[in-house]
Amino acid sequence: MLVAFANADGGVIVLGIDETKAKPPRAADINALPNVVKLERSLRDAIIDCVEPRLPYSAVRAVTTATDGSGVVLLETMPSRLGPHRVRTSRNVTVRREDRCNKMTMPEIHDMVLRNARWSDEVSRQLIAAARELEMHFKRVLVERRKQGHFGLELRENLDQPLSRSGNVAFGLGVTLVPHQPLGLPRLESLTDLVPDQGTVFMRGNGGSTGLASNKNFWPSVGNDRRILGGVEQVEDKPPFHVQRRIMRDGFIDLKYVEFGAAGRTHIGVDSLVSAAGAVLACYAKLREHAGAPSMPAEIGVTIRTVEQVRPENVSGTSSGAGHFLERETIFPRYTVADLPDFEDALNDIAADLMNAGGYRAADLPRFGFEPA
C-alpha cells in the first residue's frame, strides 16, 4: 500500500488501528501491536529491500501506547517523481484511488513514466540554466573587479590572460536546489524566521563536533533582503569574495559565490563547498517546514568554474596523494534529498566528489554533519 501512495499523492498508513465496517471505513479504536520499536526497524529495512526503484522519501515511526512497548506504527511517503514504483517480490505496480489500492494498467504506467521523464528533463534544464548563469555571473564579477583596479589591469574581454599576467586566480561555485513539488508558500518577502542556525552544518570528529568557520561566508542573514518577483535576493560584495542568494517561495534556491586572490593561495576548500551546499539545504529545511511540507524531496546541482590553476583542498589545507587542478568547468552529478539524513549524506557525497575531481582520495575526508537546531 505504501507503494500505491507513492505512485499517487502520498499519504500515511497507520498500523494497529481497528476500522469500522462503514464504507469507506474509519478508525474505530487502537488495536496495539507488540514491540512496535522492533517492528519499526523491520519495516524500515523491508521498504528499502522490497521497493524498486527506491522511494525518495519514506518514514516509519513507532508510537508506544502502553508500558509493555506495544502501540501503533505510522508509515509515511510523499508523491514520487521517480516512479512508477513496485514491490520487488510481486512485481505489481499499484496506485491509491480514493480508499482502494488498484493495480496500474500498462497505459497508466507508460503515462507515468513519460510524465516523470518530462519532469526530470525540466529539472535538468533548470540546473543547466543555473550553470550557465554562474558562468555569466562569474565573468561579470571579475570584469567589475578589473574596473575597480583589483587586478591592476585594463578591462579585457578575455579573462584568462589578464589574470595570468597579474598573478591572480579566481573561482566561482554555484549550488542550486529544485524541489520535487512547489512548496506553495503564499508569499516570501523577508527571511525573518527562515534563517537557519549556522551550527546546522559541522564537522564530526572523535571528540565531538566542530563548527565550520566558512559557514559565515555562505549563510543568509536577516535584514539584507531585496524583494524580487516570487522571493527574495541577497547580495554581498566584500572583496575578495562576492555572494548572491536567491530564495523563492516555491522552494527554488540558488547560491552563487565568486572568490579571487593571488595564485598559490586561492583554493576551493572542501569545508567551503560543504558550507555553501549546507546553507542551501538548511534554508530549504526551514522553507519546507514553514510551508507545512517537512518531507518534500528536492534535487541539488553543484557547478564550479575556475580561471587559472585552482586546486581543491581538504579541511586541514592539504590533500594526500598526487592530485591535479580543477577543470575550467566542473558540473557535479545531481543529488536527491528527502529526509534529513539524506541532507548529511548529500553533503558528504559533494565533498567526496570535489576531492575526486581534483584527483585526491575522498577517504581522507572527515565526516560532515547536518542537524537543524
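Me: How do the residues lining the largest pocket divide into nonpolar, polar and charged?

Reply: This is a predicted model, and in it the lining of the largest pocket divides into 11 nonpolar, two polar and seven charged residues.

Me: What makes a residue such as D339 or D342 part of that lining?

Reply: A lining residue has an atom within 4 Å of a pocket point. The largest pocket has 20 such residues, and R54, L55, P56, D339 and D342 lie nearest its centre. Asp and Arg count as charged, whereas Leu and Pro count as nonpolar.

Me: Which elements give two or more residues to that lining?

Reply: They are helix 2 (36-50), strand 5 (58-64), strand 21 (335-337) and helix 7 (340-357). Helix 7 gives the most, with five residues.

Me: How much space lies in the largest pocket?

Reply: About 530 Å³, taken as the space filled by probe spheres set on the grid points.

Me: And what volume does the second largest pocket have?

Reply: About 300 Å³. Its lining has 14 residues, with M1, I13, V14, E19 and R96 nearest the centre. Strand 1 (11-15) and strand 2 (17-19) are the elements that give two or more residues to this lining, and the largest share, four residues, comes from strand 1.

Me: How many polar residues does the lining of the second largest pocket have?

Reply: None: by class, there are 10 nonpolar and four charged residues, with no polar ones. Gly counts as polar, so a lining with no polar residues has no Gly either.

Key. Residues are numbered from 1 along each chain as its sequence is written. This is a predicted model: local features need pLDDT of at least 70, side-chain atom pairs count only at pLDDT 80 or more; totals for chains, interfaces and linings use all residues. Side-chain values use heavy atoms; hydrogens and water are left out. On a 1 Å grid over the protein atoms alone, a cavity is a set of points where a 1.4 Å probe fits but cannot get out, and a pocket is an open set with protein on both sides within 12 Å along at least five of seven lines; lining residues have an atom within 4 Å of a point.
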